[in-house]
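Work through the exercises below with the sequence and the model open side by side. Each task is followed by a solution in steps.

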Amino acid sequence: MKRILSIFLVSASFLHAAPEKKPNILLIAADDLNHWVGYTGRNKQTKTPNIDRLSARGVSFSNAHATVPVCNGSRASLLSGIRPYTSGVYGNADDWRKVISPEKSIISTFRSAGYVTLGSGKLYHGGFDRKEEWDDYLKNEGKLGPEPEGSKGVGGIRFGVIDADDSELSDHRIVNYGIEQLGKKHDKPFFLTVGLHKPHMPWFVPKKYFDLHPLESIELPPIQENDLADVPAAGVKFARPDGDHKKILESGRWKEAVQAYLAAVSYADAQIGRLLDALESSEYKDNTIVILLGDHGWHFGEKEHWRKFALWEEATRAPYIWVAPGVTKTGVISTRPVDFSSFFPTLTDLAGISTPSHVEGQSIRTLLADPAAEWKGHALSTWLRNNHSIRTEDWRYTRYADGSEELYDHRNDPYEWTNLAKEEQHASLKKELAALLPQKNTPGPTDTDGWGGPGGKQGKKNQKKDQDD
């Protein structure tokens, strides 16, 4: 009788045991944050102590790339798990809401799985928000911040010192929301998204951040004269050397622009530090997955190009840091090539949630556990319809819609100065890499090539929005 009672009690205990606790999730997205952060070593002038300390806690990817080198396309792809050549969402003027239904977002997926979803700042792009996917979202972040009294930059490249406290910029208020949520008691696991506007232009930040990067010590990025000479016409069209680059050269303010971006990065890093402090002092410290990323890269004259909107390393590469308690080791850097299509399936994998069938990416949980593990994956970036770039551990191969090509050997040419696409010795390699390119190339919402057609009214509107944003 005692034995039967014992079995009954054990069985009852098992049946009433609390379900396995799901991890909380904190996503930190920094707008236009390129790979000029400490752990990549790409730019020694950068000062990102808080991003560095997050990197020291987990696995950081030094070869991570956006699926689209522009805000709207990158974020639509990141948050839906759908690649741009499937959705047709390429440029900043493409309304992704017309082709990506609410239930396909990662926010809705986790909400349906029992998570409380909380957010602030910029996660989706600009006027194409769908904040009802979150249970709660910061309702009024206020203006970006004050503007300088004097010069505001060169043409569309806007920068300058402002006489202001950190709290006068919207990112401070956006982070305040995250801090408040980390200080609350939540009955459900939370998915908290915090989207910083900086270091997106305008690079208007307080003087103390400029002082971290004295103008006299600023070094320009490594460049090669006439770097577009071996680039096909399609690539030169993306570079637009007669635009921002020409204006910056004529102004003589190239170093000032670099200084201002570094200052804006340092401002963003300070806000990230406030958020990390709140997490570390909260009850959620040991049960929260943290992901930090920039949505794409940024050019500062490399390839005679400024901004993103291209398929070279500077435009596609961005920070990608994962801290997953119980999975990631500390302070490890992975050189394996990954892109942001991995975000959605990796999070569902870690949280024990079924990955929806529409998600096109691959989980990188294997690399989080062992950053040096064998990896057959690659990074794939797309800019406008039928222009794609493959990034492996050692090579970048780009093919444009007109069939023209670029090929760079990153073992010997990390700045992509020498296009090897026409060398016969690389014919088999090009064929191998070309086989990885997508066959699907869905037309964009506005037209067949993403620009609205050459000279067309919609095309000019789309192009202007892409240039200005």
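**Exercise 1.** Find the N to O distance in the salt bridge between D136 and K139, and classify both residues by accessibility.

Solution. This is a predicted model, and the values that follow are computed from it.
Step 1. The rule asks for a Lys or Arg side-chain nitrogen within 4 Å of a carboxyl oxygen of Asp or Glu. In the pair D136 and K139, the closest N and O atoms are 3.8 Å apart, and the pair forms a salt bridge.
Step 2. Buried means under 20% relative accessible area, exposed means over 50%, and partly exposed is what falls in between. D136 has a relative accessible area of 29%, so D136 is partly exposed. K139 stands at 75% and therefore counts as exposed.

**Exercise 2.** State how K207 and D211 are placed relative to each other in helix α7, and what joins their side chains.

Solution.
Step 1. Helix α7 covers residues 207-211.
Step 2. K207 and D211 are four residues apart in this helix, which means a separation of about one helical turn.
Step 3. Their side chains meet in a salt bridge, with 3.0 Å from N to O.
Step 4. D211 has a relative accessible area of 45%, so this residue is partly exposed.

**Exercise 3.** Determine which parts of the chain are tied together by the salt bridge of R307 and D244, and whether the two residues are buried or exposed.

Solution.
Step 1. The side chains of R307 and D244 meet at 2.7 Å, N to O, in a salt bridge.
Step 2. R307 belongs to strand β11, while D244 belongs to helix α9 (residues 244-251), so the pair ties together parts that are 63 residues apart in sequence.
Step 3. R307 has a relative accessible area of 6% and is therefore buried. D244, at 13%, also counts as buried.
Step 4. Elsewhere, E313, R317, R391, R396 and E416 are joined into one network by salt bridges that share partners. The count of salt bridges comes to 28.

**Exercise 4.** Name the residues that gather with E168 in a patch of negative charge, and locate E168 in the chain.

Solution.
Step 1. The surface patch of negative charge consists of E149, D163, D165 and E168.
Step 2. E168 sits in the loop between β6 (159-162) and α6 (170-182).
Step 3. Patch members need over 30% relative accessible area and no salt bridge. E168 has a relative accessible area of 37% and is partly exposed.

**Exercise 5.** Identify the cis peptide bonds that lead into P199 and P202, and give the loop in which these prolines lie.

Solution.
Step 1. The bond from K198 to P199 is cis, with omega near 10°.
Step 2. The bond from M201 to P202 is cis as well, with omega near 5°.
Step 3. P199 is in the loop between β7 (190-196) and β8 (203-206). P202 is likewise in the loop between β7 and β8.

**Exercise 6.** Describe the backbone and the surroundings of D32 and F309, two residues with a positive phi that are not glycine.

Solution.
Step 1. Phi is about 65° at D32 and about 55° at F309.
Step 2. D32 is in the loop between β1 (24-30) and α2 (49-55). F309 is in the loop between β11 (306-307) and α11 (313-316).
Step 3. D32 has 2% relative accessibility and counts as buried. F309, with a relative accessible area of 2%, is buried too.

**Exercise 7.** List the contacts of T346 and of A434, leaving aside residues up to four places away in sequence, and say which helix holds each residue.

Solution.
Step 1. T346 lies in helix α12 (residues 343-351), and A434 in helix α14 (residues 427-434).
Step 2. T346 touches W322, Q362, S363, I364, R365 and L368. A434 is in contact with Y397 and R399.
Step 3. The cut-off for buried is under 20% relative accessible area. T346 is at 0% and therefore counts as buried. A434, with a relative accessible area of 17%, is buried.
Step 4. T330 lies 104 residues from A434 along the chain, and their C-alpha atoms are separated by 36 Å.

Conventions:
Residues numbered from 1 in each chain as written. Predicted model: local features only at pLDDT ≥ 70, side-chain atom pairs only at ≥ 80, totals over all residues. Heavy atoms only, no water. Patch = residues over 30% accessible without salt bridge, like charges linked within 9 Å, V, L, I, M, F, W, Y side chains within 5 Å. Areas by Shrake-Rupley, 256 points an atom, 1.4 Å probe, with all protein chains shown as cover. Lys, Arg positive; Asp, Glu negative; His and termini not counted. Charge placed at Lys NZ, Arg CZ, Asp CG, Glu CD. Buried < 20%, exposed > 50% of the residue type's maximum accessible area, 1.4 Å probe, protein only. Contact = heavy atoms within 4.5 Å.
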